[in-house]
Amino acid sequence: MAKRLVISASPRAMGKCARVSKALVTHMTSAFPGDEVDYLRLPDLNIHHCTGCDVCKSTQECCIEDDMTQVLAAVTCADEIYIVAPVYFTGPSANYKAMLDRFQPYYWTDTRKGPRRSVHLIAFGEGGDPYGYDALPLCTRSAFDVVGFDLSSLNAYIGIDANEAAKKVVADLFGTED
C-alpha cells in the first residue's frame, strides 16, 4: 500500500490548481484502491514564513508553532507527492514558498542521504512571461531534496483552458482520462 499526497498550492479555492488537485485525488482513489491518498490545500493552513532564527540548526525542529507540523507529518509519511502549483513571476506562490522554506530543519539532518521518493510538480501559468517558469521547479527540487525526494516529473500547463486542465493532467500523468 502506497501513501500518496496531493498538495494544492494555489490561493484560489476554485481555480485550475484546486480543480486539478481534486481530480487527481478522485482518480488516485479509484485507480489505486489499496493506497492511501491525502490532500492538503496550503491556503487553508496557517503556515508562517521561516524567520531564519537557526533554532532548527541545533534542534532539527522548527520552533514556530503552526500548521506546518501537519504538513511535515504528511510529507514525511508520503511515498509519493503530487504538487499542483501556479507560477507567479516564474516562481512559487507565497504560501507554497513559505512551505518550502519551512523544510529548513531537514537541511541540518541526513534525510537527503536516505531512500529517495518521488515528487511530481504540475505547474499552471497564464503564459506571456518572457522569463518562463524556471524558478518554480528549481525551488521545488532544492527544498524537496533535503526531505528525501527527487523531482521525478514536471508537467507544465502554460496558457491551458481551465475546463481542459483536469482531464489533460490525469491523462498525461496516468495515461487515462477521468
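**A tour from C139 outward**

Begin by selecting C139, which, leaving aside its neighbours within four places in sequence, is in contact with P92 and L100, where contact means heavy atoms within 4.5 Å. This is a predicted model, in which local features need pLDDT of at least 70 and side-chain atom pairs count only at pLDDT 80 or more, while totals for chains, interfaces and linings use all residues. Residues are numbered from 1 along each chain as its sequence is written, and side-chain values use heavy atoms, with hydrogens and water left out.

C139 lies in helix α6 and is partly exposed, with a relative accessible area of 24%; buried stands for under 20% relative accessible area, exposed for over 50%, and partly exposed for what falls in between, with a 1.4 Å probe and protein chains only. If you add A85 to the selection, you find it 54 residues away along the chain, with the two C-alpha atoms separated by 12 Å.

**The whole chain**

Now zoom out and colour by secondary structure, which comes to seven helices and five strands; helices (H or I, at least four residues) and strands (E, at least two) are DSSP runs, numbered from the N terminus. Following the sequence, you will meet these elements in the pattern β-α-β-α-α-β-α-α-β-α-β-α. The C-alpha atoms fill a box of roughly 45 × 40 × 25 Å, taken along the principal axes. The radius of gyration of the protein is 16 Å, which agrees with the value near 16 Å that a compact globule of 178 residues would have; it is taken over C-alpha atoms, and the globule rule is 2.2 Å times the number of residues to the power 0.38.

Of the 178 residues, 45% count as buried, and among contacts with a separation of 6 or more, 81% come from residues 24 or more positions apart.

**Helices α4 and α3**

Select α4 (94–101) next, where the buried residues are N95, Y96, A98, M99 and L100; L100 is also one of the contacts of C139. The buried residues of α4 pack against β1 (3–8), α3, β3, β4 (117–125) and α6 (135–145), and it may help to show these five elements together with the helix.

From there, move to α3 (residues 68–77), whose buried residues are M68, V71, L72, A74 and V75. They cover an arc of only 165° around the axis, which puts them on the same side of α3; the arc is that of the directions from the helix axis to the C-beta atoms.

**R102, just past α4**

Which contacts does R102 make, once its neighbours within four places in sequence are left aside? They are I47, H48, H49, C50, C62, I64, D66 and M68, and M68 is among the buried residues of α3 listed above. R102 sits in the loop between α4 and α5 (104–107), and with a relative accessible area of 2% it is buried. For a long view across the model, draw a line from R102 to V169: they are 67 residues apart in sequence and 28 Å apart in space, C-alpha to C-alpha.

**Two loop residues with positive phi**

Select D54, in the loop between β2 (36–41) and α2 (55–59), where phi is positive, at about 70°, although the residue is not a glycine. D54 is partly exposed, with a relative accessible area of 43%.

Then go to F89, in the loop between β3 (80–86) and α4, which likewise is not a glycine and yet has a positive phi of about 50°. Is F89 buried or exposed? With a relative accessible area of 80%, F89 is exposed.

**From β5 to α7**

Finish with strand β5 (residues 149–158), which holds N155. N155 is buried at a relative accessible area of 16%, and beyond its neighbours within four places in sequence it is in contact with L121, I122, A123, D172 and L173.

In the loop between β5 and α7 you reach D161, a partly exposed residue with a relative accessible area of 42%. Show K16 alongside D161: they are 145 residues apart along the chain, and their C-alpha atoms are separated by 8.7 Å.

The last stop is N163 in helix α7 (residues 162–174), which counts as exposed at 60% relative accessibility. N163 and D134, 29 residues apart in sequence, have their C-alpha atoms 25 Å apart in space.
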